[in-house]
Structures are given as C-alpha cells and as structure tokens.
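I opened this entry to get my bearings in a structure that was new to me. My notes follow in the order in which I looked things up.

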Amino acid sequence: MSLARSCISTRKCLATLAGIRFVSTATNAPVPASHETQKEIKESDEKIENKEISTKSIAALHEDDDILQHISELTVGQFETLINSAPKPSLNRDEVVLKKFQQLLKTYINRDELKREFRSSSSLLSQFPNLVPTSKSESYSDAELAIRQRHHAQVMGKLGSVVRDVYRPHQLINRPPRPNQITVSKLLACGAHLGHSTALWNNATQPFIYGEYKGIHVIDMDKTVSFLKRASKIVEGVTESGGLVLFLGLREGQMRAVKEAARRCNGYYVTHKWVPGTITNSLENPKPRQEVDMGDIPTKRELNQDETRKVIKPDLIVMLSPLESKVAVKEANQARIPTIGIVDTNCDPQLVTYPIPANDDSIRATNLICGVLGKAGEAGYRRRLQAVRQYKEKLSVPEDEPLSATD
Amino acid sequence: MSFLRPLVSKRSLHLAPKLELQGKFASEGISGLMSQQQFKTAWIDYQDYLTKNLSLKTVGTEFETRTPLAIVLSSARKQHLGPIFHYASQAHNNHLFFQQLVPSESSRSSLIRPTLLNRINEQYGGLDNFKNELLFKADSMTGNGWVFLIETKDKTLQIITCNNDGTPYYYGRNQSLDLNGAIELSDYDLLISNKEKMLAHVKDYSLPLLCVNVWEHAYIEDYGITGKADYLEKFWNCINWDIVNKRVFSNVQ
C-alpha cells in the first residue's frame, strides 16, 4: 500500500509539472497524465502485483520453497483475480485525449481568425519565422538590421513632434477613405470644388453648381458627396454580383490610383490610351479563357464555340474624365455598358450613366474619387467571396473546388 | 440677425507631443529631479519652441511633413541645412530624454530587462560601473549637449557624448568632439576617419537606448550653475526602465 501511495504522489507531481491537473475519482486509482506516467503506472502496477505476489510468495516461501509451483497450483479464476487485483488505470485518458483533440480541431477550424489575432498582438519577430538569429558574439546580420530598424521606427521613430492632418499623396492610393468616410472638407482640400471658367460652362451642369467666384464656377460639394456615395454603391453592387469593372484614367498622374483601384476590386484598367474599338471592334479575342464560379474558382468546363468567340466586355466603366475619353463613352453606350464618370462644369452630365460632379483637372481629387470607388468595389468583392465560401461550407464542398451548375 | 464669427483655426505642422505624465509633471514637476518651473522650461516651453521653429523652417520644403527623426537623417550630411537639422535633432533628443523619466518613487518599481543588464555587466562590469561612467562622461562635458547609450551594429553598447545638437544616429553628425578649442591628435585622427567614412557612404547602424540631457536649461533653475553633478545623480533615480526596455531590440523571441 505504501508503494502504491508513493506512486500516486510522484504521478501527481508529474501531472502538475505537465501543467495538467486532475482530480482522481478513485482514491487509490492512479491518475494518468502522459505516456511517461503510463509507463510508470505499468511499472508500478507490476511492482504492486509483484509485491502482492511476493508477499504471498514470501508467505508461501515459509510454507513452500517453490513460488512457481504455488502459482501453478492456483486455478485459472484465482490466477486471474490475482492478476487483476492490482488497481487498473482509469479510462480518463480517453476523455483527456478527446478533449485535447476537440480543442485542436476548434483552433484548426478557426485558424483564419487565429492568424489575425496573432498578427495584432504578436511581436515583430514572430512575423519573420524564417529568420536565423545570429549568436551573441556575432554582429547583426543584414536581415536582423532591417528588422531592428523597423522595431526602432515603431518604438522611437515618431519621437519629437506630432504631425497631424497633413496631406500625404501616397495615402490616397494606399489607404483611400471608405464611402462613408467622405466629407466635404476632404473634397475641398483636394480642390474638387473648382469648376471651369464661366465662359466654358455647360448649362446642363446647373444643378451641381454652388455659385460663381472669380470667373469660375464652384461645384456644390454636398451634391458631390451624395453622387459619389451613389456611385460607390453601384461599384459595390457590380463587384458583389461578380461583374467586371474597368477603370479609365488617361492622365499621367492617375495611373497609380487607377491601377490600385482595379487591383482592389479584381477589375481592369486602361491608363495611357483608349484604343478605339476595344469593345465594339474587338480584334483580339482573349484566349485561353475559362469559366469561373462565383468564388472565382475555375470550373474547368469545356466552352462551346460561341462562348470562346464571344467578346468579353466590362460590366461597368469608371471614367475619371469622360470629356477626354469620348470614344470610350460612345463605345460604352453602343455596348450598353453603364458608366460612372467625373463630370466637370464644362462636361455634359448625360455622357455617363452616373455622374459625379467634381473637378476632373485636379489629380488629387480624381485620385481620391478613384480610391473611394476602388475601396467600395473591394468591399463588394470580399462580400461575394465570403458568401460563396459560406455557401460551400454549408454544402460541404471544399474551398478549392468549383460549384457545379446544380449547386 | 446673428453675427457669425469667422472660424479661424490655427495649427502648425509640428505640434509638441504630450508626455504620459505631463499633467502631473506640469503641476508638481518630476519629483526627485525637477521642479514645476524647471519642467516647464525644459519641456513645455522648449519643445513648443522647437516644434514651432521646425514648422517654420520646413514649411514649403521637402521636409514639410516628415517626422523629426526623418528630417535629422536626411539633413545630417548637409551643412547648409544646419538650422533645420538643429531643431529636428533637438526635438527628437528632448522627447527621447523626457519620455524615459518618472518620479523617483515609481522608478524603483521598474527593472532593467536581463538582455540589457547582461550586456551592461559584460561590457562595464556591473550596473554601478556603467552608471559611474555614464554620469562621468556627462559631467565632464563642458557646454551643452547629450550623452547617449547606443547599441551598435556589433551588438555592443557605447556611451557617446553629443555636443549641442548632435545626433546619436550618425557618426558624422554626433558632434562627439568639442571643436571649440585645441584637439588631441587622436581626435584629429577620428575626424579624418569620419570624413573618409562619410565620403565612402559608410552606414551607421547605431540606435540610442538611454539619454542624458546635459543642456544647461535642463538643470540650471533648480541646481544652479554648479549643481550639474547633483542633477545627474538624481537623474539616475528617475529613469523609467520599462521604457528603456522597450527600446532594446533582441533578435530572439
């Protein structure tokens, strides 16, 4: 008994060392915690058995010299009771393993969320798992120096002064505001309210004009905000339904914004020149082409001739200056593609389906508007992918596989 | 007919940052180191002055929207940008100094992290030795400046003195030599080697960890012109080691 008790105490120590605590239901039953303790238990069991047998055999020794003979004299039942007299390890270990597995499965299922959690609270070094750290005596490697510099920038880079509310051109492209974050002050700062000279006025833009000042018309920014929000909703809706958006920015400074907006909503862009006939006189038929499901996974279906020959047209065209891309406007009309465009005071708002009254000559203003529309498109695109993912989960279709027509 | 007062908002590009315990310091001073008036002079007024001048000097230039450290690094090699460098460097160094200060009672609760402490022990043979060396260098500076504990590219710690507005980030502009008088031959050699390094565009990967403000305006109101040593002693007891610990980079998690 004393041996058994000592075994229990050691096992308890091991259990707490491993960080797991169990309360054994049986007072005498040893509680297993890991493989190592299992072995110990087996050994201890054997010890117990041996002890018991040995006590018996010791007793028998006094009677008989031959222990084995004594054992052989036992009946099968007696022998079995003797063997099983040692306390069996409880089956808690199954529950334990099952619990652990369940936890692991849960974390695996939620691994996407987990990644985000880790990223926000993790240290800088955990973002670089493949970094080979140099030893204490060596100097920092180039990779480590770069990371060290980043760490310094995070901790001490901004010390000295607070720089707030400052125009940083790259932010319009990298971090454009969302449609619900557009304000009149942002647009005014971009110079979106500055229309053209009153002599060049297109009368049809009268509803958008706030007034006249120093020979130019000033565009009403409240209207711009509402028209821009409407346009963002349209871009969002198109991308959410799986449509193709084409961004058209033919001026030199608009290239980056247009590219980035197209990248955000999985769309396309044209920057330098709109080749006349791109839509209506499409000479080059994009090949090879494939059908994709609503989650952008190729269905690998064999396309028939008509489908292969068909001209691929965008479902929406965003023009940063429809006045300069009149050919594109005409083609869009002919192909019945809805258009969004920035309409200045010298531009006819009926050129496009959804006008946005603003200054098209200010690159800062067009970058802002393009960024907002791209961001809206991104939201719709993400929502579509998320919806498809959830639908696939419901049908227990793996994510890589496309949805068939029957799904 | 209501009279609409025109809304004129004044703001400058660079604003003086607010310390964590600024409210407390502004009313009581840093207990154990500075009185309320001294703190006002050395931080509130001085940082305001630095940021205002930095704004004025950088408006319309390429440095317009950059942080003080960025301005320091881009103007360190250009002598014609001396004024811009001065305000940027001072703004950064001053904030670095005041960020690490706490009342002396709270300083006792913060401990130096083992990575830093081990390195100090290895190189200086103990924290007390390090303290003595740091404060000695600060005391022996004639004139204004800063003393920094920097970590170099070789993972070694160094104590460097920066005269006036010197920066610890670049060897060519740390102004560690007092060139107001005659210099030793070794100092001259250092100048020549620095010049050669600068021409060869040798990079400096030093980063500061600890800062001592040896500008006169930081202690003269409380300690007088002769009280520099007292001020330095008291400074050591007011360091918030938690902040310093965060500045230390370690390449293993």
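## Notebook: two chains and what joins them

**Chain A, overall.** I started with burial. Chain A has 407 residues, and 37% of them count as buried. This is a predicted model, so I kept in mind that local features need pLDDT of at least 70. I then looked up the secondary structure and found 14 helices and 9 strands in chain A. Next came the contacts in chain A with a separation of 6 or more: residues 24 or more positions apart account for 59% of them. The surface of chain A was my last stop here. Chain A exposes about 25,400 Å², and carbon and sulfur atoms supply 53% of that area.

**Chain B, overall.** I ran through the list again for chain B. Its secondary structure consists of 11 helices and 4 strands. Of its 253 residues, 49% are buried. Among contacts in chain B with a separation of 6 or more, 69% come from residues 24 or more positions apart. The accessible surface of chain B is about 12,800 Å². Carbon and sulfur atoms hold 53% of that surface.

**Where the chains meet.** How many residues of chain A are in contact with chain B? I found 30 residues of chain A touching 36 residues of chain B. Between them the two chains bury about 2,900 Å², with 59% of it on carbon and sulfur atoms. On the chain A side, the residues that lose the most area to chain B are A:Tyr140, A:Arg148 and A:Leu159. Together these three make up 24% of what that side buries.

I then checked for charged pairs across the interface. The count between chain A and chain B is 1 salt bridge. A:Arg148 pairs with B:Glu151, and their closest N and O atoms are 2.8 Å apart.

**Salt bridges elsewhere.** Over all chains the count is 18 salt bridges. I picked out a few in chain A.

The pair I looked at longest was A:Glu236 with A:Arg383, at 2.5 Å from N to O. Which parts of the chain does this pair tie together? A:Glu236 sits in helix H10 and A:Arg383 in helix H14 (residues 363–394) of chain A, so the salt bridge ties together parts 147 residues apart in sequence. Is A:Glu236 buried or exposed? A:Glu236 is buried, because its relative accessible area is 12% and the cut-off for buried is under 20%. A:Arg383 is partly exposed at 39%. I also noted that helix H10 of chain A covers residues 221–240. Leaving aside neighbours within four places in sequence, A:Glu236 is in contact with A:Ala376, A:Gly377, A:Ala379, A:Gly380 and A:Arg383.

A second pair is A:Arg251 with A:Asp361, where the closest N and O atoms are 2.8 Å apart. This pair links distant parts of the chain, 110 residues apart. A:Arg251 is in the loop between strand E5 (245–248) and helix H11 (255–264) of chain A. A:Asp361 is in the loop between strand E9 (354–357) and H14 of chain A. A:Asp361 is partly exposed, with a relative accessible area of 35%.

My third pair was A:Arg301 with A:Glu307, with 3.0 Å between the closest N and O atoms. Both ends are partly exposed: A:Arg301 at 39% and A:Glu307 at 29%. I then asked about shared partners. A:Arg148, B:Arg119 and B:Glu151 are joined into one network by salt bridges that share partners.

**A buried alanine.** I turned to A:Ala332, in helix H13 (residues 326–334) of chain A. A:Ala332 is buried, with a relative accessible area of 0%. Not counting residues up to four places away in sequence, A:Ala332 touches A:Ile317, A:Ile337 and A:Thr339. I also looked up A:Leu316, 16 residues away along the chain, and the C-alpha atoms of A:Ala332 and A:Leu316 are 8.8 Å apart.

**Cysteines.** I searched for disulfides and found 0 over all chains. I looked up two cysteines anyway. A:Cys190 is buried at 7% relative accessible area, and B:Cys238 is buried at 0%.

**A nonpolar patch on chain B.** Last, I looked at the surface. B:Leu179, B:Ile183, B:Leu185, B:Tyr188, B:Leu191 and B:Ile192 make a nonpolar patch of about 540 Å². B:Leu179 is in the loop between strand E3 (157–163) and helix H8 (185–199) of chain B. B:Leu179 is exposed, with a relative accessible area of 51%.

Notes. Residues numbered from 1 in each chain as written. Chains lettered and ligands numbered in written order. Predicted model: local features only at pLDDT ≥ 70, side-chain atom pairs only at ≥ 80, totals over all residues. Heavy atoms only, no water. Patch = residues over 30% accessible without salt bridge, like charges linked within 9 Å, V, L, I, M, F, W, Y side chains within 5 Å. Areas by Shrake-Rupley, 256 points an atom, 1.4 Å probe, with all protein chains shown as cover. Salt bridge = Lys/Arg side-chain N within 4 Å of Asp/Glu carboxyl O. Helix = DSSP H or I, 4+ residues; strand = E, 2+ residues; numbered from the N terminus. Buried < 20%, exposed > 50% of the residue type's maximum accessible area, 1.4 Å probe, protein only. Contact = heavy atoms within 4.5 Å. Disulfide = S-S within 2.5 Å. Buried area = accessible area lost by both parts, 1.4 Å probe.
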